[in-house]
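Hi everyone, thanks for making time today. I'd like to walk you through a structure that may be new to you, so please have a look at it with me.

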Amino acid sequence: MNLRHAILQRLQSLQCAGIEEISRPQARKLAIALKESEAKNAPKPVSDQAGQTVQTVSTADFRPWEKRTPGPQTAQASPAQPSKSFTPRPKTTASSSSYSSSGSASSSYMAPKRTALSLEIIVPPHEDYSALPLMEDRHEALRLLGEKVRQCVRCIELVSNRTQTVLGVGNPYAELMFLGEAPGADEDRQGIPFVGRAGQLLTKMIENGMKISREENTYICNILRCRPPGNRAPMPEEAFKCRQFLDTQIDIVKPKFICCLGASAAQYLLDTTTTISRMRQREYRYRNATVVCTYHPAYLLRNPSQKAATWQDLQFLMKLMGLKVEND
Ligand code: SF4
């Protein structure tokens, strides 16, 4: 586990333990450690379309919990959501300033209960699924993982809204994995990823464009296994909590190629804030797989003018995979 995940896990474990505030020096220490870790672990594209080595992709400003807006907006969040962001509390007098998980400003501010960060109270939320990728029968390994996912209640807001969990679909022995963002309404109803209008477009992209079978030649899954209410984008803490399932799926399927569909999938997988337009036509690595990025089919439904660019991305992928590209 890298330092960034360790820090996120520590903050979440503190919240789970009912600790809502940590001292400013401790928060600053965590922020510095995180920044150093991110600078060290920033993903670097292996090459761009022309095969040139590309030097940098910035991840320096990725702060998952800072994506939330501090102040009243955060304070009005659903009461059913137990895990809130660590956001700066407005400055108060003397030494009582602190970082609060509520993010709310209060005039009757009381000095927080100081709690030292302690390894003893950190209970890793993750279970050990390392045996699953070692199983010869990948269908069975995914079935067992699916059982665990069905029992998962890590994201309270998603759990209370989901009809069912959505693990993945396709051939677990396929070389190519498509990675989306999260289940939508249709996927939530049917328990299968990419079955709505966006899914139908993805099928056309695969079968009419790439000339391979969606069912036989691909495995499809998402960053999240539960539908976010209103089809909103995954929150960073949700992506973090679901990451173990994603990584286990990747380890079971062992794809040689992963195609990220849309900014959420690309940014969460590669841990970056780089825009999807800058990540296109480049080659990354993740867990022994070559990763490429393109637009999400749902985005293409709203912006058909980007279909040509997406086709270029698929051709880029096809060349990497050694597939025949017509008119090339
Ligand atoms: S999104 Fe993932 S981590 Fe969150 S409740 Fe669903 S299965 Fe669990």
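Let me begin with a definition: two strands pair if DSSP finds at least two bridges between them. With that in hand, look at strand β5, residues 168-170, and β7, which pair in the antiparallel sense over three bridges. One of the partnerships to look for is Gly-170, whose bridge partner in β7 is Tyr-219.

Before I go on, please keep in mind that this is a predicted model. The protein has 328 residues, and 37% of them count as buried. You will find 13 helices and ten strands in it. If you take the contacts between residues at least 6 apart in sequence, 69% of them join residues at least 24 apart.

Let's stay with β7 for a moment. In which sense does β6 pair with β7, parallel or antiparallel? The two pair in the parallel sense, over five bridges. Within that pairing, Gly-180 stands opposite Asn-222 in β7.

Now, the side chains. In a regular strand they alternate between the two faces of the sheet. In β7, Thr-218, Ile-220 and Asn-222 point one way, while Tyr-219 and Cys-221 point the other way. Are these residues buried or exposed? All of them are buried, and strand β7, residues 218-222, is accordingly described as mostly covered, with five of its five residues buried.

Next, the ligand. There are 14 residues around it, and those that come nearest are Cys-152, Cys-155, Arg-225, Cys-226 and Cys-242. By type, the shell divides into nine nonpolar residues, one polar and four charged. Which helices each supply at least two residues of that shell? They are α5, residues 156-161, and α9, residues 236-253. The largest share comes from α9, with four residues.

Helix α9 has another role in this tour, as a packing partner. Two packed helices are described by the angle between their axes and the distance between the axes. For helix α4, residues 138-150, and α9, the axes come within 10 Å and cross at roughly 170°. An angle over 145 degrees counts as roughly antiparallel, so α4 is roughly antiparallel to α9. On the α4 side, the contact is made by Arg-138, Ala-141, Leu-142, Leu-145 and Val-149. From α9 come Phe-245, Thr-248, Gln-249, Ile-252 and Val-253. Sorted by type, the residues of this contact are seven nonpolar, two polar and one charged.

Moving along the chain, we come to Pro-255, in the loop between α9 and β8. Why does Pro-255 count as buried? It has 25 C-beta neighbours inside 10 Å, and 20 or more is what it takes to be buried. Leaving aside residues up to four places away in sequence, Pro-255 touches Ala-174, Glu-175, Leu-176, Met-177, Tyr-219, Ile-250 and Ala-289. Tyr-219 may ring a bell, as one of the residues of β7. Pro-255 and Thr-218 are also worth finding on the screen: they are 37 residues apart in sequence and 9.0 Å apart in space, C-alpha to C-alpha.

Then there is helix α10, residues 263-270. Eight of its eight residues are buried, so α10 is largely enclosed by the rest of the structure. What covers those buried residues? The cover includes β6, α9, β8, α11, β9 and β10. Two of these elements, β9 and β10, pair in the antiparallel sense over three bridges, and Tyr-284 has Val-291 in β10 as its bridge partner.

My last topic is backbone angles. Most residues other than glycine have a negative phi. Asp-271, which follows α10, has a positive phi near 60°. Asp-271 is found in the loop between α10 and α11, and it is partly exposed, with 19 other C-beta atoms within 10 Å. Lys-211 is another case, with a positive phi of about 60° although it is not a glycine. Look for Lys-211 in the loop between α7 and α8; it is partly exposed, with 13 other C-beta atoms within 10 Å. Finally, Arg-287 takes a positive phi near 45° in the hairpin of β9 and β10, which has two residues between the strands.

That's my tour. Thanks for listening!

Key
Residues are numbered from 1 along each chain as its sequence is written. This is a predicted model: local features need pLDDT of at least 70, side-chain atom pairs count only at pLDDT 80 or more; totals for chains, interfaces and linings use all residues. A residue is near a molecule or strand if its C-beta atom, placed from the backbone, lies within 6 Å of it. Ala, Val, Leu, Ile, Met, Phe, Trp, Tyr, Cys and Pro count as nonpolar, Asp, Glu, Lys and Arg as charged, and the others, Gly among them, as polar. Axes are lines fitted to C-alpha atoms, for helices over the stretch in contact, and angles run from 0 to 180 degrees between N-to-C directions. Angles under 35 degrees count as roughly parallel, over 145 as roughly antiparallel, 65 to 115 as roughly perpendicular and the rest as oblique. Two residues are in contact if their C-beta atoms, placed from the backbone, lie within 7 Å. A residue is buried if 20 or more other C-beta atoms lie within 10 Å of its own, exposed if 12 or fewer, and partly exposed in between; C-beta atoms are placed from the backbone.
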